[in-house]
Amino acid sequence: MQLGLSADLATDSICVLHSTFAVLFAADFPRGPGLYYSPYKFFALLAVYLAWVRTTWWVDQDCREVGLSTLRWNPIMLASGFLGLILAWASPIFLIGFIILLMLYLSPTLIYVGLRNKLVEDNNKVLTPRHLRKVARKLLGLSGREVTEEKRKPIPVRFIGKSSQGGGEEDAIRVRRAQESAHYRSALELVYEAIQSRTTDIHLEPTKEEMTVRFRIDGILQPAPAFDRDKGDAVLNIFKVLGDMDITEKRKPQDGSFSAEVVTTSEGVSQMRLVDFRVATSGSVAGEKMVMRLLDRSRSISDLSQLGMRGKMHEAIHQIVSQPHGMFIVCGPTGAGKSTTLYACLSEIDRFQKNVITVENPVEYHIDNVTQIEINPKAGKTFATELRSILRQDPDVIYIGEIRDAETAEIACQAAQTGHMVFTTLHANDTATAVLRLLDLGVQPFNVASALTAILGQRLVRVLCPKCKVAYRPNPEMLRRAHLPPDKIKAFYRPPREEELERDEDDQPKICQHCNGTGYRGRTGIFELLVVNDKIRDMLKENPNIDAIRAEAVKNGMVYLQQDGMRVVIEGETSIEELLRVAK
């Protein structure tokens, strides 16, 4: 009986539920707004939400790279997105809420893109027609048009698989292997851009996500457009192949060399230039780093008059290097142009009547009618061993790339005392310190006194751009402290400040194309010449005192580096700030 009652109750419950659903789904049932679900509208909101999350992350990363404030842009991007989502869900009409969400997402994004595009190179700008075409080609796989465009614009660079310094034929196999590599055109573009911008060194430095590129121009490292990591590694391997280096070895240091023929155009005139590259790699925690030194023969200096010397100093050095025996040292820090000065000194000598032999590491420029020897410590060819051998070759003039150890210094001093003229370089801050450096290497004071003829200290200062340099009236008090007549010096010069630059229609400063906005173009030398006379020799033999030697040299006519630099400042070739940076 209980079972029969339960069955009746179940039947009644089913009837009630059926009647309820029938009423709810009836067409005439009164319905209010909301309580609906549309998958199309939901996925549209989800797509905008995901785009906003990705864009906010990109803005945070990009701000750090281009130098904009993350403290300003991160709150703007987060607040605009959250506000848009709230208004989109609260709006009773979906279309209006969706439009408000899009506006709040796109407005700060487009404003940020406009600001950051003004700070980066053309290649790194986003949402431009070029960038959109590149994205479309990548998404759709349309590479044919890009290849056609590249063929239409060939890069006037041809790599040679063997450095012209080594003498020998071109290694076509190396070049062919490089040409078959991915991103070969990127390697050509990098080299061409570096040569066009007067670069002396190219730095390829790996990070976690990209390969940073920097050019050393006029002695200062300047950033260049970076590669993504895969492309950067491919370009680095291309240069390793050209330099005959092992591309599988990425931890141990390696070095190599190759050359390139480059056609450049200046003022409508095309010129073929042969550029040598010295390549050196080293391993780091982020990957393999490479530095390439560019040796451009067309820019080599072959005359002392091109170094920026005063006429009186030029004559004094000409007399020194023309002597039959002695030792002439050029000192200064790395990158001060010491080797260039000594190459120019060799041009002052009659190389057809004298036997000139050089020992270098490595040979930078080829000199006619000069025997040039490159040392190789791995093969046992050091400065000391090569010096012993060339002393048996009846040399008149010996050029030693650098004195690094006591043995080389001792042999150089002995050669200078036995009828040879020795040219060499030494790392020292000034001329008097160079004497102390020789003594510290272990050379006896009487040997230094007998061998040494003169020491030239030098630095390189950047030359102000003639197109944009600005004249100003120097402080009279500063002129008096520098022992300069305030009434005779009318103006000094300096690079323009940002507020002094002309503005374009967007109120952005116009960058000088001649110096690329740096304010400087090219470099010149400042010098300090210490000539060793009999009194200084006596000081060296008895009790070497650097201060006493320096005082005697000044009495003998030596001009300090800073004083020679002030001459360049007064002539309007460089700024006082540049002089203080170089010659502290």
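What does the accessible surface of the protein come to, and what percentage of that surface belongs to carbon and sulfur atoms? In this predicted model, the accessible surface is about 32900 Å², and carbon and sulfur atoms hold 55% of it. The chain runs to 584 residues, of which 41% are buried. Its secondary structure adds up to 20 helices and 16 strands. As for how the contacts are spread along the sequence, take those with a separation of 6 or more: 62% of them link residues 24 or more positions apart.

Helix 8 makes a handy first stop. It covers residues 184-196, 13 residues in all. From first C-alpha to last it reaches 19 Å, close to the 18 Å expected at 1.5 Å a residue. Quite a few of its residues are tucked away: Tyr184, Ser186, Ala187, Leu188, Leu190, Val191, Ala194 and Ile195 are buried. After the helix comes Arg198, with a positive phi near 65°.

Next up is Glu249, which sits in the loop that joins helix 9 (229-242) to strand 5 (254-266). This residue is buried, yet it has no salt bridge. The nearest side chain of opposite charge is that of Arg251, 4.1 Å away, and the cut-off for a salt bridge is 4 Å, so this pair does not count as one. Arg251 does meet Glu249 in another way: its backbone nitrogen lies 2.9 Å from a polar atom of the Glu249 side chain. Leaving aside residues up to four places away in sequence, Glu249 touches Lys240, Gln254 and Glu288.

Definitions and conventions: Residues are numbered from 1 along each chain as its sequence is written. This is a predicted model: local features need pLDDT of at least 70, side-chain atom pairs count only at pLDDT 80 or more; totals for chains, interfaces and linings use all residues. Side-chain values use heavy atoms; hydrogens and water are left out. Helices (H or I, at least four residues) and strands (E, at least two) are DSSP runs, numbered from the N terminus. Buried means under 20% relative accessible area, exposed over 50%, partly exposed in between (1.4 Å probe, protein chains only). Lys and Arg count as positive and Asp and Glu as negative; His and the chain ends are not counted. A polar contact is a pair of N or O atoms within 3.5 Å; within protein, one must be able to donate a hydrogen and the other to accept it, and residues adjacent in sequence count only if both atoms are side-chain atoms. Contact means heavy atoms within 4.5 Å. The expected span of a helix is 1.5 Å times one less than its number of residues. Accessible areas come from the Shrake-Rupley method with a 1.4 Å probe; for residues, only the protein chains shown count as cover.
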